[in-house]
Amino acid sequence: FGMARKAFTDVEKWVLAGHSFGGIAAFSDLWSMVERNDTDAIGGLVLIGAYISQNVGCGRINFSTEEFDWLPAASISASLDTIVNSTNFAAAQDWLPAGNASFSLTITGGNHGQFSTYDYSEREALLGQIDGNATISAIVQQRQTAEAIVQVAASSGVPLPSWNREGGITSSSELSSSPWMIYTCLALVGITATMFAP
């Protein structure tokens with residue numbers, strides 16, 4: 001995250017978003033920033049098929065206190081995800097921010113692998129894990145995920161661009177259906193006011 005901040009100095013707010021192990025990186029980075037009192041550039045947190053774990057070496061992580069009511073957050077799961085431990089996932093919801101800009105979303109018919117576009121066919125052989133069989137397409141699942149990320153980013157206080165299907169940024173009304181948003185958001189979302197200057 002530090003490298004991204006140095007590379008894109010005009011970004012005002014960042015949404016830390018991550019899928020699976022990327023979610024661990026997102027909340028760990030954010031917690032480290034909290035401990036350094038370096039949260040001015042943070043616009044939100046999105047955990048996708050991931051949850052806050054207390055045993056990742058960062059000490060006790062707890063975003064649920066009033067101190068973090070400013071932090072927009074989303075916890076996104078899929079109803080047919082058999083990779084994530086559902087008991088641990090449910091228990092970890094207690095560590096997320098409790099403010100009005102935070103929410104949970106379960107994507108009905110989705111699975112763990114369809115949050116991304118990687119080949120997870122070797123997962124069973126390598127890790128002994130078998131994902132559930134999705135009943136919705138990957139693009140439907142990814143679009144719902146992108147819409148949730150946009151909702152968190154919209155709560156950051158910085159205006160968002162939108163995507164014109166003919167290839168340009170226009171108004172915020174079409175942003176959630178933008179296919180490029182899926183890929184840019186799943187790592188870090190950078191928001192700048194200068195992006196939207198007339």
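This passage goes through the nonpolar cores, the salt bridge and one loop residue of a predicted model.

Start with the inside. The largest nonpolar core is built from 24 residues, and those with the most contacts inside it are Leu16, Phe27, Leu30, Leu45, Leu47, Ile52 and Phe63. Three elements give two or more residues to this core: the strands β1 (13–19) and β2 (42–48), plus the helix α2 (21–35). Of these, α2 supplies the largest share, with six residues. A further core sits apart from this one; it has 13 residues, including Ala74, Phe115, Ala148 and Val152.

On the charged side, things are sparse: the salt-bridge count comes to one. The pair in question is Arg36 and Asp38, whose closest N and O atoms are 3.7 Å apart, and this counts because the cut-off is 4 Å. Side chains of opposite charge can pair when their charged atoms come close. As for solvent, the two partners fall into separate classes. Arg36 is exposed, since its relative accessibility of 53% is over the 50% mark. Asp38, at 24%, is partly exposed, because that value lies between 20% and 50%.

Then there is Thr108, which sits in the loop that links β4 (102–107) to α4 (123–127). With a relative accessible area of 63%, Thr108 also counts as exposed, because the value is over 50%. Exposed or not, Thr108 does have contacts: leaving aside residues up to four places away in sequence, it touches Ser79 and Ile136. Its C-alpha atom is also 9.0 Å from that of Ala134, a residue 26 positions away along the chain.

Methods: Residues are numbered from 1 along each chain as its sequence is written. This is a predicted model: local features need pLDDT of at least 70, side-chain atom pairs count only at pLDDT 80 or more; totals for chains, interfaces and linings use all residues. Side-chain values use heavy atoms; hydrogens and water are left out. A salt bridge is a side-chain nitrogen of Lys or Arg within 4 Å of a carboxyl oxygen of Asp or Glu. Buried means under 20% relative accessible area, exposed over 50%, partly exposed in between (1.4 Å probe, protein chains only). A nonpolar core is a set of buried Ala, Val, Leu, Ile, Met, Phe, Trp, Tyr and Cys residues joined through side-chain atoms within 4.5 Å. Helices (H or I, at least four residues) and strands (E, at least two) are DSSP runs, numbered from the N terminus. Contact means heavy atoms within 4.5 Å.
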